[in-house]
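This report describes selected features of the structure shown below, beginning with a sheet and proceeding to helices, cores and individual residues.

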Amino acid sequence: MKLHNQAMDDDYLSVEFDKAEKKLRDALKRCERNACTRPVIGKLHIALGTVYGGGGKLDQARAEFVLALQADPKAALIDALTTTELAQAFKEAQRDVQSGAGKQGAGETPGEGGRPGKQAAGDVPHTPVAEQAVNTPVPVYVEIPEEIDAAKATLRYRPFGSPKWKSLEMPRHGDGFGAEIPCEDVTTTGDIRYFVILRDEAGDPVGTAGSMQAPHRVPIKNEIESAPSLPDQEPPQRCAAKEDCPPGLPGCPEAGGTRGDKGWGASCEETVECQSGLVCLNGTCEQGEDEGGGGSAAARKGNRNVIGLWGELDLLLVRGTDYVCSGSDAAYACFYPNSDGRQFYGEPADLPGTNGVKGGLSPAGGRVMLSYDRQLFADLPLLLGARLGFAFGGSPSSANEPPVWTGDEKQNPHLQALSFLPLHGELRATYFFLGDRIVEKGGFRPYAFVSPIGLAQVNASVPVDVCDRRNEDGSLQDSNGSNRCPTDTRFVEDLDAFQITGRNFSGLGAGVVYGITPNLGVSAEVKVMLMWPTLGLVFAPTIGPVFAL
């Protein structure tokens, strides 16, 4: 009733319907197995229906009102929160109950939260074991009738407190199939639910024992009267409790610590304060799934050190300009193709369609990097780190010096291009969104980052043609030209015009990490780098594995 009052007096009136629904469903869960009186169950369903009505979900509201009237025929709407639509839904629910449309049918058993449940259904008769002890494998045996030709059997089960179903292939055992649910899934008191799917040689289903909607159940207890077993076998041995119990699972001790002595219903802030078998939810110790993963705040956050191995592709936004091979623009240097670094030092003629480039993205090589990042504060997913690496591609090192121009009074304006810097280093600050863990198994973690300063160089080339007035030794050309070039020039085709950027950069970007395991993930990101002091803009898609330690 405390959860009921919090849901309706606080969350509902604050229009936080999701929070109200969660509290009411938690309250209904506490009412399982006749733990609450029927009037209390009815009142909880009325409140839940009112919440659904407030969110415009009138069909779900009507269904909750039916469950309320089934639990308590005297259940009534909350006067202060009733609307015309809710009153109509309640009248329809009353008609459903009176007509028998919503009554609990024969063969049904009470389900969770006072809801009508179903007996385990299926084609194959099966009786589960009566009970099993904590940390002891649960035997499951299904005898196959003669009329069913089953070649294999799959056990689908859900441990108590787990949101996921697990699968286990059942070997042949006597006249049926048998298997044992392992210790790692029997670590706390509560019901284990399961059903069995039988298949023929072709893999087609030929029968079931139970179903996902109506599974068989085995109560797991601290103490039992007799130990169950598979036919003609000894009962399974109890496993070591503490060593085999994974931290974070409901009922398990936390890594590096012990469980507290607070019982069911006691106030708490962390699961570690509660007795084994309980978790801290909504400020109280109770049975259920620990959404935070249990344990202390530091344990829930996961590891705070992240190491990465990255591969990056560099795409330079080439600036469109003329006179790229004239030596007048320090941001460009031209090289002869396939010449082992022989730089062009000529005097291109000013002709349309030559000695100029158009702007656009151009591949500029790539780089591999190692990274290390550290989460500074346990409650804030902000990381500081660094990246070190090596770059491939870039511009060649000049293998020849500028010659002296002869034949007139002009001086050679070309400078010998500096060698390409293959090293990469940067400092980075990263902020993760949507959760506390850096790597979340099976989940995506988006992030944004900024690199205030870095050391790198990104040079990209564009092919260009020129009509050169000079020979390679610097003397004036005296040929008759060609069909593309005028007299006294030579045609030089497909020079590599490299845009040369500065060796420093500042950057920012965004990415996402997908967790393969709680400690291993794959990250992909896009970085924008502003090169300086010689300006250049680089777009750098990056991908690589990350390891949380």
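## Sheet, helices and local geometry

Strands β20 and β21 pair in the antiparallel sense through eight bridges, two strands being paired if DSSP finds at least two bridges between them. Helices (H or I, at least four residues) and strands (E, at least two) are DSSP runs, numbered from the N terminus. The model is a predicted one, in which local features need pLDDT of at least 70, side-chain atom pairs count only at pLDDT 80 or more, and totals for chains, interfaces and linings use all residues. Residues are numbered from 1 along each chain as its sequence is written, and side-chain values use heavy atoms, with hydrogens and water left out.

Within the pairing of β20 and β21, Pro 463 stands opposite Asp 496 of β21. Strand β21 (residues 490–499) also pairs with β14, again in the antiparallel sense, over four bridges. There, Gln 499 of β21 is the bridge partner of Tyr 332. The three strands form an open antiparallel sheet in the order β14-β21-β20. Because β14 and β20 (460–468) stand at the edges with a single partner strand each, one side of each is left without a neighbour in the sheet. From one strand to the next, the twist averages 35°.

Both faces of β14 (residues 332–335) are nevertheless covered: Tyr 332 and Cys 334 on one side, and Ala 333 and Phe 335 on the other, are all buried. Buried denotes under 20% relative accessible area, exposed over 50%, and partly exposed the range in between (1.4 Å probe, protein chains only).

Helices α3 (residues 38–54) and α4 (residues 58–71) pack with their axes 8 Å apart, at an angle of about 170°. The axes are lines fitted to C-alpha atoms over the stretch in contact, and angles run from 0 to 180 degrees between N-to-C directions. The two helices are therefore roughly antiparallel to each other, the term for angles over 145 degrees. Among the residues making the contact (heavy atoms within 4.5 Å) are Ile 41, His 45 and Leu 48 of α3 and Ala 61, Phe 65 and Ala 68 of α4.

The largest nonpolar core has 30 residues, and those with the most contacts inside it are Met 8, Leu 24 and Phe 65. Such a core is a set of buried Ala, Val, Leu, Ile, Met, Phe, Trp, Tyr and Cys residues joined through side-chain atoms within 4.5 Å. Helices α1 (2–12), α2 (17–30), α3, α4 and α5 (84–99) each supply at least two residues of this core. The largest share, seven residues, comes from α3. Leaving aside residues up to four places away in sequence, Leu 24 touches His 4, Ala 7, Met 8, Leu 44, Ala 47, Leu 48 and Val 51. A second, separate core of 25 residues includes Cys 325, Ala 331, Val 458 and Ala 460.

Two asparagine residues are set out below.

| Residue | Phi | Relative accessible area |
|---|---|---|
| Asn 135 | about 65° | 7%, buried |
| Asn 338 | about 55° | 83%, exposed |

Asn 135 lies in the loop between β1 (132–133) and β2 (138–143), whereas Asn 338 lies in the loop between β14 and β15 (356–357). A cis peptide bond with omega of about 10° joins Trp 532 and Pro 533. Pro 533 lies in the loop between β23 (520–532) and β24 (536–548).

Note on methods
Angles under 35 degrees count as roughly parallel, over 145 as roughly antiparallel, 65 to 115 as roughly perpendicular and the rest as oblique.
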